[in-house]
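Reader: I would like a close look at one part of this model, described residue by residue and set in its surroundings. Please take your time over it.

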Amino acid sequence: MSLQTITLAHTQGFCAGVDSAIEIVHLALAKYGAPLYVRHEIVHNTSVIRDFELQGVVFIEDLSDVPDNTTVIFSAHGTAPEVHAQANLRGLKIIDATCPLVTKVHRQALKFSERGVQTIVIGHRGHQELLGTSGYIDPALLFIVETVQDVDSLVLDVQKPIGYLTQTTLSIDDTRHMIARLKERFPTVEGPTKANICYATQNRQDSIKELAEICDVVVVCGSPKSSNSNRLRETAANMGVPSYIIDTVEELDFSWFEGKVHLGLTSGASVPRYVVDAVVACLKTRYPTIQINEETTPEVGIRFPIPAI
Ligand code: SF4
């Protein structure tokens, strides 16, 4: 028995935030030329980063690596206000490629701290988005949780206001459990009506759940740092389907498909389509009679504004 079908997730690949961030770098390259400095990987995808590096984009973490009187682009994941302040102090021209849906979370964080709300941020410690969002919260009011156990360990002053925010790219199911536990422990906790999980994360997770119902193995294209890609793999794995994540086609391992018939293939919100196409082409070579199933995405026409370059 060998693979007979590949079904592509109907919603996958670039979201509007990633699309905008990438367009911003292209426009800035056209206007300012190379070298062009970007603080942090513009989006978490190895192929995108490599392509930009070949065009003269320099990815840095520390602003001290940016020469004076130059332009710096801030990545889609959002940047803490202290980094904006440092860049302003240096006189650097900032082009901010933060996704507007992340900016919305920053605004909520800021409002909470202005009101003295103890703010629980549900997310992954060390992830760039969380670092940026945390920067908008008074450190004395900031509590980061990654698991239900972390929620159980929280020590808060119940006489004072309590609120929560979430990273935009989390697992919907994991977040739901943590929020439910938060509400149990702190019935007055304030939060967004739903988690701050963005439309792209929601749609891609819904889509992989559909795939996992009809496939006996799943492959997700996505880079190791990509939160939403990792959550896609976990979502399918939690449904009992063997699931693998690959950064590029070279990481494909045919032993995963032994005894399998229906492969589901998807990609995270920062993955260019050519990465998925390369996987499909490779599988077609290996399994010449394989049938490819793909539906059109319902996610069309979503565009975010581009800032002045
Ligand atoms: S995954 Fe969501 S929050 Fe992140 S860039 Fe895309 S739309 Fe914005």
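Which residues does Ile73 touch, not counting residues up to four places away in sequence?

Author: This is a predicted model, and what follows should be read with that in mind. Leaving out residues up to four places away in sequence, Ile73 touches Ile24, Val25, Ala28, Leu36, Tyr37, Val38, Arg39, Ile42, Ile95 and Ala97. Ile73 is also one of the residues with the most contacts inside the largest nonpolar core, a group that further includes Ile42, Val43, Phe52 and Val57. That core has 25 residues, and helix 1 (16-32), strand 2 (36-39), helix 2 (46-54) and strand 3 (57-60) each supply at least two of its residues. The largest share of the core, 7 residues, comes from helix 1. As a general background, nonpolar side chains in soluble globular proteins tend to be buried together. A second, separate core of 21 residues includes Leu3, Ile246, Leu252 and Val280.

Two of the partners of Ile73 deserve a paragraph each. Ile95, which Ile73 touches, has its place in strand 5 (residues 93-96). With a relative accessible area of 1%, Ile95 counts as buried, because the limit for that word is under 20%. Ile95 in turn touches Ile24, Ala28, Tyr32, Thr71, Val72, Ile73, Phe74, Pro307, Ala308 and Ile309, again not counting residues up to four places away in sequence. Ile24 and Ala28 thus appear among the contacts of Ile95, and they appear among those of Ile73 as well. As for spacing, the C-alpha atoms of Ile95 and Val25 are separated by 9.2 Å, although these residues stand 70 residues apart along the chain.

Val38, the other partner to follow, lies in strand 2. Its relative accessibility is 0%, so Val38 is buried too. Once its neighbours within four places in sequence are set aside, Val38 is in contact with Val57, Val58, Phe59, Ile60 and Ile73. Val57, one of these partners, is itself among the residues with the most contacts inside the largest core. The C-alpha atoms of Val38 and Val25 are separated by 8.4 Å, and here the two residues are 13 residues apart along the chain.

The backbone on either side of strand 2 has details worth checking by eye. In the loop between helix 1 and strand 2 lies Pro35, and the peptide bond from Ala34 to Pro35 is cis, with omega near -5°. In the loop between strand 2 and helix 2 one finds His40, whose phi is near 70°, a positive value in a residue other than glycine. His40 counts as buried, at 6% relative accessibility. Asn69 likewise has a positive phi, near 55°, without being glycine, and its place is in the loop between strand 3 and strand 4 (71-74). Asn69, however, counts as exposed, because its relative accessibility of 70% is over the 50% limit.

Finally, there is the ligand, which sits in the largest cavity. It is surrounded by Cys15, Gly17, Cys99, Leu101, Val102, Thr168, Thr169, Cys198 and Tyr199. By class, this shell has 6 nonpolar, 3 polar and no charged residues.

Key. Residues are numbered from 1 along each chain as its sequence is written. This is a predicted model: local features need pLDDT of at least 70, side-chain atom pairs count only at pLDDT 80 or more; totals for chains, interfaces and linings use all residues. Side-chain values use heavy atoms; hydrogens and water are left out. A residue is near a molecule or strand if one of its heavy atoms lies within 4 Å of it. On a 1 Å grid over the protein atoms alone, a cavity is a set of points where a 1.4 Å probe fits but cannot get out, and a pocket is an open set with protein on both sides within 12 Å along at least five of seven lines; lining residues have an atom within 4 Å of a point. A molecule sits in a cavity or pocket if more than half of its atoms lie within 2 Å of its grid points. Ala, Val, Leu, Ile, Met, Phe, Trp, Tyr, Cys and Pro count as nonpolar, Asp, Glu, Lys and Arg as charged, and the others, Gly among them, as polar. A nonpolar core is a set of buried Ala, Val, Leu, Ile, Met, Phe, Trp, Tyr and Cys residues joined through side-chain atoms within 4.5 Å. Buried means under 20% relative accessible area, exposed over 50%, partly exposed in between (1.4 Å probe, protein chains only). Helices (H or I, at least four residues) and strands (E, at least two) are DSSP runs, numbered from the N terminus. Contact means heavy atoms within 4.5 Å.
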